[in-house]
Amino acid sequence: MFTTGAESLLLQAREIRDEELGKLCTRVCALLQKEDWGPDALDALRRLFLIVSATKYSRRLGKPCVALLQSTLCSPACPEQLQLLCAAVLREMAPSDSLSLSCDHIQNTRQLGLVASVLLAQGDQQQVRSLGQRVLKVLESRQPEGPSLRHLLPVVSKVTSLAPDALHEEQTRALSKRLGDWLRYASVQQGVAHSSGGFFSTPRARQLGPVTEVDGAVATDFFTVLSTGQRFTEDQWLNVQAFSMLRAWLLDSEPGGSGAPDADDKSELEGSTRSVLSATSTASHLLPPQEWLREKAFEYCQRLLEQSNRRALRKADSDLQKACLVEAVLVLDVLCRQDPSFLYRTLSCLKALHTRLRGDPAWVRALLPVAQFFLHHGEAAAVDADAVYQHLFSRIPAEHFHSPMLAFEFVQFCRDSLPLFGRNLGVLRTSFPNLFKFLAWNSPPLTSDFVALLPSLVDAGTAVEMLHLLLDLPCLTAALDLQLRSLQAASERPPWDVSIRAPGCLEAFRDSQAQGLFQHLLRAQASGTVERLTPLYRLLQPLAGCARVVQCAEAVPTLLRAFFSAVTQIADGALASQLALLLLERSDSLYQVPGYEAGVHRVLSSQFPALCKLHPPLVVEHAKELLEFVGGPRSGGHVLTSVVWAIGEYLSVSWDRRCTVEQINNFFEALEALLFEVTQSRPSTTLPKCPPQVITVLMTTLTKLASRSQDLIPRVSLLLSKMRSLAQSPATGSMPGEEDAGAVRTRATELLNLLKMPSVAQFVFTPSVEVSEPRYHRDTNTALPLVLRTVSRLVEREAGLLPG
Amino acid sequence: MVHVFLIHTLRATKAEEGLCRVLYSCFFGTENSPNDPQPHGAERDRLLRKEQILAVARQVESMCQLQQQACGRPAVDLQPQSSDDPVRLHESPCGAFRLTAGDPFQEPRTVVWLGVLSLGFALVLNAHENLLLAEGTLRLLARLLLEHLRLLVPTANLLLRADCIEGILARFLPHGQLLFLNDQFVQGLEKEFSAAWTR
């Protein structure tokens, strides 16, 4: 496909020198000047386009060349291929100051469309507006059945989306009226077929009969995009285009922008009266243009809803039916927002539609706009849409998590509709296990969306359960994989990872003992309970190397950070305690995916101190659990470092009056033992070398504890001198590297110095709350670093004076 | 409304040689805000557009690679076995993702992409679009381009066939307008296109 020959062609085009480009331009000029529109010109223009578009830096083509390109574009006799290339080259050079293209004198609508594409690329609002005016003039001047008006409608749509004020109100109203006509009154006969005739017969035109529906039946009502035939008339083309631009047009052409004052003015009473009036279509031809268009659009959407019920003969038409259904519901939503009188007529048919769609898995993507409609209008219509949301959140994610497009649309729906959920937010929140299935299966495209969604999903009642599930997300991915394998028959392109066969896992999935745990993991709603999934980690180990699981594992640290930043806003003391304990518990109980534990530990180690800061008494409250954690076996250093630091920081009477000397002593002993263990043990293949941060934080914490329970000071001084001498002698293998040893030495010295003045040590290590707020520039007496530095200098000078 | 249509190279894995190259791109209208006080140089605007397109192409490439990896599909899946083998577009990897405001476009956008035989096709759309229609249109464009440019032939090259691409876009995605075309309309337009193209 993309051979090295093509790669070299691209590079050639980028590196072509100005002289060669100049030669090509001259050649192009010569050919276009004498209107030689044969294959030479085509070839030259193709090369020119490649050269101009291949590089991101601008190319100079010379004024005569640009002028000739413009005149060729506007010339009536030039073949389409060359005109397209001229337009493409001019567009590629945009925005360009030397463009003098004008659309004023072009009559051919196809050419006008091409010129428009160049002008729209210039980025000049004024040009856009004048283009819009010109196009409308051409539209208005033609007969409604005139040829090729379909080249112009997309231009109008683009112009109004780029410059909403490009058209005057009068023009907008006139075009709205015509759009309504095209939507509703297109011909129901197929276009005329011209057969060229054989040797003996004359060419004649054949009438092909009426248009058909997608299932082959003769059309029962007016023409829509779901009507088929062998040939189409011009007004049927306009019908297709009008519907394609309808939603954008309705939104852009509202007077005063999207907050239409017209709709706001109508009171409820008036709305209900109008609904009685508009229920009869005889009054419709008396409507002003905007209302006329809305009425016709409404009828069109009703017809599409009916047509989407038919069984299409071709697959492409079946796909189009779904797209049309979605669009019809979206247009109805806009119509009801602009004119609440439509609501009465729409609700019943949408409820029927929902019932029809929910049973059919092929139409699942169409359920989202229906749910959105009920979100927007349910309150106003006093309709209880609970059943809709229940079905949406409890069934769909569990059955369709493996479809990437549905997953994306579902998550976007949740994000966009957040402000509208109101009292239904509870349904969204309790369905987080189901929502996480989308994330577990499709993590790369959905991670950033979930980071934005998490703050709204986090709730004090479910936070603990959610954290467990987030930590188990890769395990959920593996379980979903197994679920798919066990449920689906083997198809040619199964959604699970085909490179990994896991027969043992499938058996485990069906095993009755593990059933309960699997069901808990794959639950649809927050259950309020927490289960230890450790047995599952073992069972699912063969799938841990699976690419999808690894991708999910890479996304989890980001999600954890988002979770914690959301939960710390709403957590009270009790919740902070629970979460902190959860961190400790889970730090060594994780699904073993390569690289996962390290990533999670990094996040947990920064979050544990944050939780302690939120609720400092938790260190004292859970002293027992912390002692167990410190004394027990562990693999990673990050979490331990932050736990030890938190102990040193918050285990004091100033943070919690219940802190006893006994507790301090207990911790001291445990940490002392730990310090000996990490420094004395020889590094082996199973135990990694101890990072110096662990040693220094242990020393600092021990010193802090000693400053609070002063009997311990002699012990800790001894310990520190031992550490210092250990760091000085390179014989032990536990402290590699001169830098690390130096850091330990320096820290040990500082701490020893501080301990020489116990009351200062206490002040330094357990500062009161006022002191620990940095106010260096305001109050030098209470600045901690200054105190530290002064003490160090004092002690060193003193030490220098003392003998030995 | 489509803002950009682009075609770019798609490597099977990150480890493969080469860079992601944009082979064709088309901007439908520009993104300048109406009350933009600072007049930008024309060159700078163009440079910005090209960079934006390349950023999108790279993201599409990595999304496609990740999706293929996750499905365990071997890298060779992206190469055609023979030119007679019909490419089954409804089985090609496809997906969508969101671009936040400022990264790289001023306003939030959605990208819908399709990966076919070491080429990536992508549409950059408004944030709230009918994605079913966008997906269908993208598949249609890919099929038409594969057929009319005869991209399955190993020596085929779309770099010098911009007129063909432009012709298809002008009919099936005029000015970035997504059209609701049923099968018969598509056939009619295709016939029209084939008739107008001499080569």
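Two exercises on a predicted model follow, each with a worked solution.

**Exercise 1. Place Gln236(A) in its surroundings: which element holds it, and is it buried or exposed?**

Solution.
- Start with the secondary structure. Gln236(A) sits in helix H10 of chain A, which spans residues 234-244.
- Next, check accessibility. The relative accessible area of Gln236(A) is 0%. The cut-off for buried is under 20%. Gln236(A) is therefore buried.
- Now look for a polar partner of the side chain. The side chain of Gln236(A) reaches the backbone nitrogen of Thr233(A) at 3.0 Å.
- Finally, list the contacts, leaving out residues up to four places away in sequence. From chain A, Gln236(A) touches Ala186(A), Ser187(A), Val188(A), Gln189(A), Val211(A), Phe223(A) and Arg231(A). From chain B, Gln236(A) touches Phe185(B).

**Exercise 2. Describe the largest cavity: what is its volume, and which residues lie nearest its centre?**

Solution.
- Count the cavities. The structure holds six of 30 Å³ or more.
- Take the largest. Its volume is about 170 Å³.
- Find the lining. The largest cavity has 13 lining residues. Nearest its centre are Arg91(A) and Glu92(A), with Ser25(B), Phe27(B) and Arg49(B).
- Assign elements. Those giving two or more residues to this lining are helix H5 (80-92) of chain A, and strand E2 (22-27) and helix H1 (42-71) of chain B. H1(B) gives the largest share, four residues.
- Sort by residue class. The lining of the largest cavity has six nonpolar, one polar and six charged residues.

Terms used. Residues numbered from 1 in each chain as written. Chains lettered and ligands numbered in written order. Predicted model: local features only at pLDDT ≥ 70, side-chain atom pairs only at ≥ 80, totals over all residues. Heavy atoms only, no water. Buried < 20%, exposed > 50% of the residue type's maximum accessible area, 1.4 Å probe, protein only. Polar contact = N/O pair within 3.5 Å; in protein donor to acceptor, adjacent residues only side chain to side chain. Contact = heavy atoms within 4.5 Å. 1 Å grid on protein atoms, 1.4 Å probe; cavity = no way out; pocket = protein on both sides within 12 Å on 5 of 7 lines; lining within 4 Å. Points joined across faces, edges and corners; volume = space filled by probe spheres on them. Nonpolar A, V, L, I, M, F, W, Y, C, P; charged D, E, K, R; others polar.
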